[in-house]
Amino acid sequence: MKYTPCYIALALAGLTALPVVAQDNGEQTKQDSADEQIERINVQGRAQTLYRQNESSVATRTNTPIEEIPQSVQVLTEELITDQAARQITDLYRSISGVNGFSYSGVTFRGFRQDEILYDGVRGDPFNGFAVPQLFNIEQIQVLKGPSGAMFGSGQPGGIINYVTKKPTATAQRSVELAVGNDQYRRGSVQLSGPVTKDASQRYRAAYYYDNESPFRYNTEQTNKVLDLGYAFDLGAASEVTLQLTDYQQTYQGARLRGVPVDNQGNFVTDRAWNHNEATDFQTLEATVYQARIDHDFSLNWRGDVTVRHYENTERQNYHEPRGLLDENLEPVDNPAEAVYSTRQFRNQYRENDATSVTANLVGELELGTIEHTLLMGVETYTSEGVFIGSNANPGEVPNLELVNPQYGLTSGPYSTDLASATPSESETTRDGFYIQDQITFNEKLNLLVGLRYDQFEDTSGTETFDDGDLTYRVGGTYQITDWVRAYALYGTGFLPQSAGQQDPEVGGPFEPEESDIVEIGARWTFMDDAIRVNTAVYEINRENILQATDEVTEDGRSVLGNVGQVQSRGFEIDVLGDLTDKWVVNANYAYNDARVAEASPNDSITNSVGDRFVNAPMHQLGLWTRYDLPMIDSAISGGMDYVSEQISFSGQRVKPYTVFDISWQTEFDAWLVQVNIKNLFDKEYASSGFLSRTGHFPGEPRRIYASVKYRF
């Protein structure tokens, strides 16, 4: 297997190191000749003290030094989130190499469309894909790249995002924050956390968040409310219990939002503020999450934890879905640039979900001779039940909408839709998994990771039920080549069950799950006395057993399906985090990805692909965030850049490359923090991703200006 990108990545990082190595050798020669010892003073900057996370549990479920993890891992700390004024995960994609927005909370992850989200390392995402997760109660964002079946079971092969929630603290942390901005933006929050008792054996957290704005799309208004409560207490010296309750309420007027029509070159054919929805349309989400965790130390070498997470949510959507583009004579157009009207369908939808996960881990640290072992044994069960009720009113009953001069307010739902007479669609998902892992440390230079997991799953969709199981594994290791570079290698597997509705024996079912595997080689480099760290990775991900229609047909005219589709994703990534000086920090990354269809049925295309390429999968991405402190005036100035290369939509339309810039100013005095952020500084008009020609591309936000003041007490 040829890894040309690997050599490029490693060579770039190696060239970066040459001046450092040369400098060190020169200094050593001078030191020897002078025969004197010079004390080295190491001043740590923001990257080393606040942005950098040396350990993570996202890859192993144990707190492991990141340099000893044989897989690509990124951690975004609360300080980085605050400095970038990020309110939701979409604000941080530029800081995650290989991740690009697809739609809503979905992303393109190393070439694959997916929405795999964990909270505190367990399943239970209350946002359901159409709503974007809020970051108010999030302390840290952890990203694990590549198939993760050996640790987390079924999922898409690109990777996972894990949100670490804020917990009650042993020391008092209290703050009040207010913010305003353009587009009638206003925000307020209060966060209280600290000890209940003098010895901090009981701790609490109480927080509330509110924001409201009228974004740039016509007819829209958005409101988010978050109530976050927590209580933690110690049971003796060996046990800790943490209880949490989080309530989310979202009300989005003029939603669910689709895109804005474009011509085949990716240019908007109308104002980017155009909205296919009326002001009476809406999307609402009400979700409540309950979580309990107990940690217990059985001895100096053995410890365990159990986490129970449960959520309930209800989502309502009333919106006008674009169904086609017409010319001035109300005839369908082949060229969207000639479109005058958008035909619309009204959708009245109700969703209700209920899910529970239980995860238990047992961790032991053993020594066999000179070899150290960290053993992990765990079980996980996850059950979700969902109900969907939908009713549509079609074009004809629903009037068309002009693109250039839209006349709103002439109509509104629900038309002839009636949820009471609609037939509910019910679904149920069950995942049961058992996993075992051994982290083996041979010496300070060499360590090995081996893991194995077996999953049993059962899916029900309507009257169709399907159950099966799969075995996944992971093998990897790291090796300290020199004091300033540690290399790693990984092979791992993953799986994704086929839909229960596609298991009919008459069309070829039942079918084996989709399978995936990854080969990844990387290195972690340290320069300038560990002030700068560079991570490089090159990978190949293969996905196969993709279900497609074959050239065979059943007696009743249905296509026979087969596990014939194969996809290959290759790429490399470079991440840089460091202090150029004690006042100047830089966080930068570059990702190259080439995801292609390797094999497909001539009678069917692979989902999310156009030809042999994939939708919203850019080949090049570049992200940058840098901050310079001005201690003389207790301030700091920051700037960011996000570049995404050309993409394509589901309809094969071009999504033009774009570059946007942000800037920020912070001033601290006493217990106050004043911050001003300008996003999309030059008011760039661009599409962040594509969809269908009838729905258009998703427009990026115009210039946004936020000003906030925070008081800690």
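In what order do the 4 strands of the open sheet stand, and is the pairing mixed? Bear in mind, while you look for them, that this is a predicted model.

**The sheet**

Select β3, β8, β9 and β7, and you will have the open sheet in the order β3-β8-β9-β7, with mixed pairing. At its edges stand β3 (73-77) and β7 (117-119), and each has a single partner strand, so one side of each is left without a neighbour in the sheet. From one strand to the next, the twist averages 20 degrees.

Now narrow the selection to β3 and to β8, which covers residues 138-145; these strands pair in the antiparallel sense over 5 bridges. To see one bridge partnership residue by residue, pick Thr-77, whose bridge partner in β8 is Gln-140.

**The two domains**

Next, colour residues 55-163 as domain 1 and residues 164-712 as domain 2, which is how the protein is divided. Taken over C-alpha atoms, the centres of domain 1 and domain 2 are separated by 7 Å, and the contact takes 72 residues from domain 1 and 120 residues from domain 2.

With both domains shown as surfaces, consider that the area buried between domain 1 and domain 2 is about 7600 Å², and that carbon and sulfur atoms give 51% of that area. Then select Arg-87, Arg-94 and Phe-136, which supply 12% of the area that domain 1 buries against domain 2, more than any other three residues.

**Polar and charged pairs between the domains**

Turning to individual pairs, the count between domain 1 and domain 2 is 10 salt bridges, while 53 residue pairs, both at pLDDT 80 or more, are found in polar contact across the interface of domain 1 and domain 2. To locate the side of domain 1 that touches domain 2, select β3, α3 (78-83), β4 (99-103), β6 (112-114), β8, α4 (149-152) and β9 (159-165), each of which supplies at least two residues of that side.

Show the side chains of Asp-83 and Arg-627 as sticks, and you will find a salt bridge between them, at 3.2 Å from N to O.

**A link between distant parts of the chain**

Finally, widen the view to the whole structure, where a search finds 38 salt bridges. Select Asp-530 and Arg-52, whose side chains meet in a salt bridge at 3.3 Å, N to O. This pair links distant parts of the chain, 478 residues apart: Asp-530 lies in the loop between β24 (514-527) and β25 (532-553), and Arg-52 lies in the loop between α2 (46-51) and β1 (55-56).

Technical notes:
Residues numbered from 1 in each chain as written. Predicted model: local features only at pLDDT ≥ 70, side-chain atom pairs only at ≥ 80, totals over all residues. Heavy atoms only, no water. Pairing = 2+ DSSP bridges. Axes fitted to C-alpha atoms, helices over the stretch in contact; angles between N-to-C directions. Domains from an automatic or database assignment. Contact = heavy atoms within 4.5 Å. Buried area = accessible area lost by both parts, 1.4 Å probe. Salt bridge = Lys/Arg side-chain N within 4 Å of Asp/Glu carboxyl O. Polar contact = N/O pair within 3.5 Å; in protein donor to acceptor, adjacent residues only side chain to side chain.
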